Amino acid sequence: MADHAQAEPHTLAPHQQHQFETMEQQQETSTLGMWAFLVTEVMFFGGLFGAYTVYRYLYPQAFSAASHHLNYIIGAINTGVLIGSSMTMALAVRAAQLGNRRSQVVFLLLTIVLGSTFLGIKVVEYHDKFVHHLVPGANFRFEGPRESQIFFSLYFAMTGMHAVHMIIGIGMLSTLTVLAWRGNFSSQYYTPVELGGLYWHFVDIVWIYLFPLLYLIRGG
Amino acid sequence: MNRFLFFIPEQASSVAAQVDLFFYFMVAVSGFFSLLIAGLIVFFAFRYHETRVEAGRPAIDDREHATTHGHGQGAVMLEIVWTVIPFALAMVMFAWGTSLYFTLVRPPAGALQLYAVGKQWMWKFQHPEGVREINELHVPLGQDIRLTMSSEDVIHSFFVPAFRVKQDVVPGRYTQTWFHPTRTGTFHLFCAEYCGTQHSGMIGSVTVMEPRDYEAWLATGGGAAVPGQSLAQLGERLFNERACSTCHLPNGQGRGPSLVGVLGSTVKLEGGGTVKADESYVRESILNPMAKIVAGYVPQMPTFQGQLSEEQLLELIAYVRTLGAKDGGAAPPTVAAAKE
Amino acid sequence: MKTSHALAEDPGSAPQEFNYLNADYGVRSWLLTIDHKRIAILYLVMITIMFSIGGLFATALRIELLTPTGDFVQADTYNKLFTMHGVVMIFFFLIPSIPAVLGNFLLPLMLGARDLAFPRINLLSWYIYIVGAIFGTYAIIAGGVDTGWTFYTPYSTSSSQTQVIPTVLAGFIVGFSSILTGLNFIVTTHKMRAPGLTWFRLPLFVWAIYATSLIQMLATPVLAITLVLLLLERGLHIGIFDPNLGGDPVLFQHLFWFYSHPAVYIMILPGMGVISEIVTCFSRNQIFGYKFICFSSLGIAAIGFLVWGHHLFVSGQSVYAGVLFSLLSYLVAIPSAIKVFNWTATLYKGRISWQTPMLYVFGFIGLFTIGGLTGLFLAAIGLDVHLTDTYFVIAHFHYIMVGGAIMGYLGGLHYWWPKITGRLYPEFWAKIACAIIFLGFNLTFFPQFLLGYMGMPRRYHAYPPEFQVLNVMSTAGASILGIGYFLPIVYLIWSMRYGPKASSNPWNATGLEWQTPSPPPTHNFDRVPVVTQEAYDYPAMERNVG
């Protein structure tokens, strides 16, 4: 049987949710929650990486022939853009930590701009694929091994899934920007910005894997 | 079927009795443990029912001492015992089951080669002599029989309970199974992988005949196809008609590699690596020639995707099999003499 | 001598005036609640509906199987019935059942917390489930789906002419409900335990839910992406599973079973947790081997990720891969065996009462043992060649899912019913229902082991006449089972209005959930409890008795 301690009355700090005893508990719990969520995302993308691994092992020439049709210079630029956005995101978290409202907003906006640039470049790439009949399905035409269609299927599935996560991330960042502008965050309480940063960095890391696997396997 | 063990199908293949023996062993072990657990539960439920036990009984203290959190010495020993014994039994089951499996998946050399194609919702069989059957398969008694199978559409599964064999039949590749019938008769054949509307109608039979009767049956063309054209002969005709012979010269000097003795050999590939040249490889090379180029050759073979049916592919394979065979491959394969 | 019968009136605690049920009224207060207890009730309603739908499909199946060629339904209809029976029962009933109902209700209470870590995400999980259920219902109404719940390619991508896409979307969506619930439970268990409640003082139900949640979080996303690929293949013919384009249909099976095998442990681990709670209370004993049961749960979760290939033994998979999966499948059986022995040993020198929850425990242990042992038949790769895709497999998994998981769910529902509703269920009818369920279940599914060895394939609506007798027995059992399941729906609903009011601890059980009134107030505990005892300290209680 449990003893009932004489606990302190349960008053809530600003931003504290009722199920938590202290803000510290809330912050630790939220952070663990975001990390746990990112683990599920690893498993989600993992299925695609698994399919990629199997088919690349089976059809290395088809994959390398197909990869030639991806413009690795544009891919590299996009990689730089995304890494840049991770930097601005980290600076946004730092600004929040320091309680600097203006810098938070500026860096969050920069992150959104860079993320959108990435997506814009992807749109251009996708359009180019469409024009050259490299979108898998009824209109696919390719001079070379037929398994290249599988490469393109995986290309669109993986970068498409990544893009969906980026769009969600930009939505999340927009919400954070509005909240930051309203002064919601301070050096006492900036957990949402921190967790948003974690998510954004994760999306960046996924791309760091996608870029070489898709763009740089043109083969010897 | 007036048997106590009515749920055991007839043992009609060389492996059936072994499978059944293992099954009986599993039933015995499972039965023992089920009865043990059920018995203990029933016994404890009655013996220690609250109406037969005094509240606050002293046995609590001994027990508590021995088993709190399972830390007590006696408790840990017990845990170890009832972990190790099931583990040992499990390893016996694993080893026995695996050994059975290796018997099931390794056809002996020199087996009679038959072919099967599954499609929604029927089975098509081809004998090397050219006889074709639908939904019925006639085989000779006392002979190793190897079935190479593919599907024309979705995944099916070739299942003969009396032989204790089952193998999925997959589009785009070949799978194989083998059996050695030990009893004449007619036995159920089922499709065992759900394949659509008439999945439960995709059934037939395997008829095992005395070797002499089988020969006679073959000679009459099995009552179905045109007699006299073996699978290999049909394949040879195709090989010439489709101009495969133009590039695949036997001396290796043509635009394509020689196919003499290729089936079963190990082939070196352009760009490094090797591949075992089994039926699936030959089939892939016909349908998707760019996939694996033989070392020393350039990719220039046209694809025959969509131009050959599964049966025609099997005919070509049967022909290629005869190239480089010890007897020069001239005669079509016939029913070999019984091994014993 | 004092028995442990439920006490209708406990003079120590008056019936609670304000509890979570009457704290607020109106549909909005329920549909917008963030109280984990109300969300548990929302799930309870939904899964009962889903169970009934899945049960109706099963009834139609079994009627068709009364005759060898009978045409109670057309072949196409039959194929849709078994598919939808599987989809509904697995994704919309079994996987949520204990975690979303009992887990949601009890986890904060057992931990001494006021709610889960993320109450709004908890509500979101329920709404995601509803959206998934809407897609599934649409698929059923729009004509149904006939691919089997396993959606094997290329049939599901190129051949089936039925509502594959809505059904796959339903599965995809409802998976996120499962992922978020698992995430919530893991974080809650790590961060919201009451002072003094160390990991090894946790009730084993919490450990079971924790292990389940790990699987939910790690495996379900793989199913999600597999279903995405399936949708792309079916909708756009991208070629990934199409052999004509170099794709591999068997790759789908690997991806699918990578989730679906751990999923079966999602379905059984919570039930095992329930058993640990009930068997101690009704034998008035410390659990035998607490840490062993604890680590067995984690072991099952871990090894469970490594055995998926045993569903592919005859698929054309490599021979050596098959042997490896067979070995691992035998290993995963060991922790379950350890648990069965520990539960049985818990009964030894106990003071046992035959309340309904305990009867479900007895049933669970016996039937789960049989189901688990028959898994060993299937793990032997040489024997699986004969048995796979036959009724033997169907009997095996129903022994575990129905004889195990559902009995665990019903046992837990009865055990915690007084806590959830503040009322006692009628013990007499509950015992009758339990007996009917046990008998009906065995009559339904034991003959199917025999049918399987005889060679009756699964997913057949027509069969050779020699299989008929056993099929008739099975259908007879199913009708009895149906009655058995119907009774609790009736008397549990009845008890909510007319059952005697329950005290805070009618079973005299240990555990923090019993230290708060029945039903609990919205905020669970007036003061945060501090834990100083080990779990299941029944011996201490017993010493104070008599």
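A residue is buried if 20 or more other C-beta atoms lie within 10 Å of its own. The model discussed here is predicted.

Q: What makes α8(C) mostly covered?
A: The test for a buried residue is 20 or more other C-beta atoms within 10 Å of its own. In α8(C), 29 of the 33 residues are buried, so the helix counts as mostly covered.

Q: How do you know that the span of α8(C) agrees with its number of residues?
A: The expected span is 1.5 Å times one less than the number of residues. For the 33 residues of α8(C) that gives 48 Å, and the end C-alpha atoms are 47 Å apart, so the two agree.

Q: What makes C:A219 the site of a kink in α8(C)?
A: The bend at a residue is the angle between axes fitted to the seven residues ending there and the seven starting there. At C:A219 there is a kink of about 30°, shortly before the proline C:P221. After the helix comes C:H237, with a positive phi near 55°.

Q: How do you know which part of chain C supplies the largest share of the side that touches chain A?
A: Contact requires C-beta atoms, placed from the backbone, within 7 Å. By that criterion 41 residues of chain C are in contact with 35 residues of chain A. At least two residues each come from α7 (164-191), α8 (204-236), α9 (249-281) and β1 (529-530) of chain C. The largest share, 10 residues, belongs to α8(C).

Q: What classes make up the side of chain C that touches chain A?
A: That side has 28 nonpolar, nine polar and four charged residues. Gly is counted among the polar residues in this division.

Q: Why are β1(B) and β2(B) called paired?
A: Two strands pair if there are at least two bridges between them. Strand β1 (residues 112-119) and strand β2 (residues 122-126) of chain B have five bridges, in the antiparallel sense, so they pass. One bridge sets B:A116 opposite B:F125 in β2(B). The hairpin that joins β1(B) to β2(B) does so through two residues.

Q: How do you know that β2(B) also pairs with β3(B)?
A: The threshold is at least two bridges, and β2(B) has three antiparallel bridges to strand β3 (residues 132-134) of chain B. B:F125 has B:E133 as its bridge partner in β3(B), and B:Q126 stands opposite B:R132. Five residues lie between the strands of this hairpin, where B:G130 takes a positive phi near 110°.

Q: What makes β3 and β8 (175-179) of chain B edge strands?
A: Each pairs on one side only. They belong to an open sheet of five strands with mixed pairing, in the order β3-β2-β1-β5-β8 (chain B). From one strand to the next, its twist averages 25°. Helix α8 (residues 310-322) of chain B lies across β1, β2 and β5 (145-151) of chain B, at about 165° to β1(B).

Q: Why are β6(B) and β7(B) called paired?
A: Pairing needs at least two bridges. Five bridges join strand β6 (residues 156-160) of chain B to β7(B), and the two run antiparallel. B:S157 has B:D168 as its bridge partner in β7(B). These strands belong to an open, mixed sheet in the order β4-β10-β9-β6-β7 (chain B). Its edges are β4 (136-140) and β7 (165-169) of chain B, each pairing on one side only. Here the twist averages 20° from one strand to the next.

Terms used. Residues numbered from 1 in each chain as written. Chains lettered and ligands numbered in written order. Predicted model: local features only at pLDDT ≥ 70, side-chain atom pairs only at ≥ 80, totals over all residues. Helix = DSSP H or I, 4+ residues; strand = E, 2+ residues; numbered from the N terminus. Axes fitted to C-alpha atoms, helices over the stretch in contact; angles between N-to-C directions. Contact = placed C-beta atoms within 7 Å. Buried ≥ 20, exposed ≤ 12 C-beta atoms within 10 Å, placed from the backbone.
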